[in-house]
There are 2 protein chains.
Amino acid sequence: MAVTIKDIAREAGVSKSTVSAAMNDSPKVKNETKERIKKVAERLGYVPHIGARELITNKKLNLGIMNLITYQADGDIKNSYFNQAYEPTYYDMASVIMTEISKTKYGLLIERIQIGQGELSLPSFLTSGRVAGVFVVGTMHTRDYIMRLKEYTDNVVVVGGNKSDICDCVRNDYTQAIYTAVRYLIDNGHKSIAFVNGDTLSQASDDKLLGYKLAMADANLPIDSNLVVNARFTGRAGYDAVRKIFESSKKAPTAVCFSADVMAVGAMRYFYENGIRVPDDVSIIGFEDTCLAEFSNPQLTTIDRNKRRLGLEACRLMLSKLENPKRGFQDIVVPFSLVIRGSVKDLTSK
Amino acid sequence: MAVTIKDIAREAGVSKSTVSAAMNDSPKVKNETKERIKKVAERLGYVPHIGARELITNKKLNLGIMNLITYQADGDIKNSYFNQAYEPTYYDMASVIMTEISKTKYGLLIERIQIGQGELSLPSFLTSGRVAGVFVVGTMHTRDYIMRLKEYTDNVVVVGGNKSDICDCVRNDYTQAIYTAVRYLIDNGHKSIAFVNGDTLSQASDDKLLGYKLAMADANLPIDSNLVVNARFTGRAGYDAVRKIFESSKKAPTAVCFSADVMAVGAMRYFYENGIRVPDDVSIIGFEDTCLAEFSNPQLTTIDRNKRRLGLEACRLMLSKLENPKRGFQDIVVPFSLVIRGSVKDLTSK
DNA sequence: CTGAAAGCGCTTACAG
DNA sequence: CTGAAAGCGCTTACAG
């Protein structure tokens, strides 16, 4: 049996109420008594019972994080990383949140949720009433889905998605980000630039396309609709996208902007297999800055979303909402940055 | 306010005891009453209060998973993926566990723990008494550390570590695995084979070294001690290891076996930068089968640890221990398999 | 400043 | 087969 406030009360010669007040640093308890009680608690190895506390305060002391998984055969992590959604991105985001939340009084539950296949399943930590709030990671959800979550809790923070009027959001300015990427290609002398956009179901795809169009327009470059395609967030999709572009175009583009690193690195396989050299024959740029970008050869030039900051802000928002449930929803836009590595060739100095 | 058994009792015209028994499918309740009660519960949207249940049963209804992180500056996920421990491996393992545990009555808490820097920190879900058991992912821990964990719970399952007499273990036969990898190189005609082993602190390094030695001995191949090095589990370490080997050897080895994919792919950067072609000039083989292996060019031949099976067995062990706390500790060895891709050249057909 | 009492939502003997 | 009572470990008014 674990030690309880009753044990401490007996040992310290005070009542349970006093122990409780002392452990919660209530100003009602004399400092001397408080210290004596705390010392006893320490000695006895007292750990408050979370369940009892949740019961009496009518507040949950856990938070949940849900990774929205798509394109994957039923929980099977084998089945080729190349063909499925690239999950390490979720982990990067989640890992910051884990570290931050572990410093608070909350525990952090985690669940992977498969969505996009008919009915939307909900995380069981939500439906079983375990959590005081949830972090939703990823862009592949709809407003309706968030509404479903909100039947269980009002404390929803979407990390790396889009602006929403029904929950807190932490995200990047996707239009500006892709604009910056394409602009960088243009500044390096590229004129024929393909754009491999993300999934049509992703909330960010429209913003990204706008960024591409704006950058091209600002440089007075015409847009060839054959060079703009949508693809899923997998290596395979990136591979297929560039194959289609390079096999069908009379004159291949000199550069390709991808709306996710995973597609860019997938495309590198196509280039490698076909003797098309990066960056000598084609320049490419990604978006996200995953480990894939740093481990590829050449290393991928990309846009760093600042996942650490994204996670930090998400925690801040969650904690503030928990403190002050009535405050309005917030939308935090985190700055991104261009990471120049080795996949873009400068055509101007040539 | 959430609906409680009291509400259901009133609505169904029975006592709280009966509601409780009915919801727990006790045989003591007549089927007819049971169904009536369940229907009411359903209609009212009843969700049992986990905390209350934990309190009265004196059992925790959450489990914890801890990812043992090494080589990393204080929770900072930026700071170069190339230079730090490769975490997606943890995520792969954890992801299977998430999926499995979400099907049970347990919730799953997650935490990243930095170890190997002086004092061993414990996950707060353990010290705060939230969990009924913990999954420990990774090889970078000591027996002492497991003992520390066991001060809090007897239900510890180490996933992907080594055999232990004080907890359940799910792992691979590292000696056999590396033997198989090296043997594959030998079968492809390689005679001068370097071995980049893992961190000296990893529990598996000794086993792996043995596998290398056995394979070489079985083929009557001499071991050049200059070709056997230890390295940390980072891309940078793999890079540095092969640089050292290739810069110092008079005759470079024709093949290198790495005890982790992350090091192999890190080494590919060195080869790429120095115009050493894989597999034409040097053959390499990894261990683990991470996404890095599939996304590299050429794709990395490696050993698949069968992470899915590893995670599945870990869950099975945890659940069985929870059911039957007195059973002895088990040691499950999961079969691995060789995944042949494009990083090994066949010298025999030449 | 300290203590006695009530009660959160559940389960578990025990009585009928 | 069903119900009344006790109690898990805590916090929160309230009384002194």
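Leaving aside its neighbours within four places in sequence, with which residues is A:E313 in contact? In this predicted model, A:E313 is in contact with A:V170, A:I332 and A:V334, where contact denotes heavy atoms within 4.5 Å. The residue belongs to helix α13 of chain A, which covers residues 307-323. Helices (H or I, at least four residues) and strands (E, at least two) are DSSP runs, numbered from the N terminus. A:E313 has a relative accessibility of 12% and therefore counts as buried. In this classification buried means under 20% relative accessible area, exposed means over 50%, and partly exposed lies in between (1.4 Å probe, protein chains only).

Residues are numbered from 1 along each chain as its sequence is written, while chains are lettered from A and ligands numbered from 1 in the order in which they are written. Because the model is predicted, local features need pLDDT of at least 70 and side-chain atom pairs count only at pLDDT 80 or more, whereas totals for chains, interfaces and linings use all residues; side-chain values use heavy atoms, with hydrogens and water left out.

The arrangement of the two protein chains was examined next. Two copies of a chain are related by a rotation about an axis and a shift along it. Here, a turn of 180 degrees with a shift of 0.0 Å along the axis lays chain A on chain B with an RMSD of 0.1 Å. This is the relation of a two-fold axis. Both copies use the same surface, since 100% of the contact residues of chain A recur in chain B. The superposition is by least squares on the C-alpha atoms of residues with pLDDT of at least 70 in both copies.

The surroundings of DNA strand C comprise 27 residues, the closest being A:S17, A:I56, B:I5, B:S20 and B:Y46. Of the atoms of this strand that come within 4 Å of the protein, 62% belong to sugar and phosphate. A residue is taken as near a strand if one of its heavy atoms lies within 4 Å of it. At least two residues of the surface near DNA strand C are supplied by each of α2 and α4 of chain A and α2 and α4 of chain B. The largest share, 5 residues, comes from α4(B). By residue type, this surface divides into 13 nonpolar, 10 polar and 4 charged residues. For this count, Ala, Val, Leu, Ile, Met, Phe, Trp, Tyr, Cys and Pro are nonpolar, Asp, Glu, Lys and Arg are charged, and the others, Gly among them, are polar.

Individual atom pairs involve both bases and phosphate of DNA strand C. A polar side-chain atom of A:S17 lies 2.4 Å from a base nitrogen, and a backbone N or O atom of B:A52 lies 3.5 Å from a base nitrogen. The side chain of B:Y46 places an N or O atom 2.7 Å from a phosphate oxygen. A polar contact is a pair of N or O atoms within 3.5 Å; within protein, one must be able to donate a hydrogen and the other to accept it, and residues adjacent in sequence count only if both atoms are side-chain atoms.

DNA strand D is likewise surrounded by 27 residues, of which A:I5, A:S20, A:Y46, B:S17 and B:I56 come nearest. Sugar or phosphate contributes 62% of the strand D atoms within 4 Å of the protein, and bases contribute the rest. Helices α2 (16-23) and α4 (50-57) of chain A, together with α2 (16-23) and α4 (50-57) of chain B, each supply at least two residues of the surface near this strand. For DNA strand D, the largest share of 5 residues comes from α4(A). The surface consists of 13 nonpolar, 10 polar and 4 charged residues. An N or O atom in the side chain of B:S17 is 2.5 Å from a base nitrogen of DNA strand D, and one in the side chain of A:K16 is 3.2 Å from a base nitrogen. In the case of A:R53, a side-chain N or O atom is 3.0 Å from a phosphate oxygen.

Several backbone features were also identified. The peptide bond from A:N297 to A:P298 is cis, with omega near -5 degrees, and A:P298 lies in the loop between α12 (291-295) and β10 (302-304) of chain A. In chain B, a cis peptide bond joins B:N297 and B:P298, with omega about -5 degrees. A:D25, in the loop between α2 and α3 (31-44) of chain A, has a positive phi near 55 degrees and is partly exposed, with a relative accessible area of 45%. A:D289 has a positive phi near 60 degrees and lies in the loop between β9 (283-285) and α12 of chain A. At 2% relative accessibility, A:D289 counts as buried.
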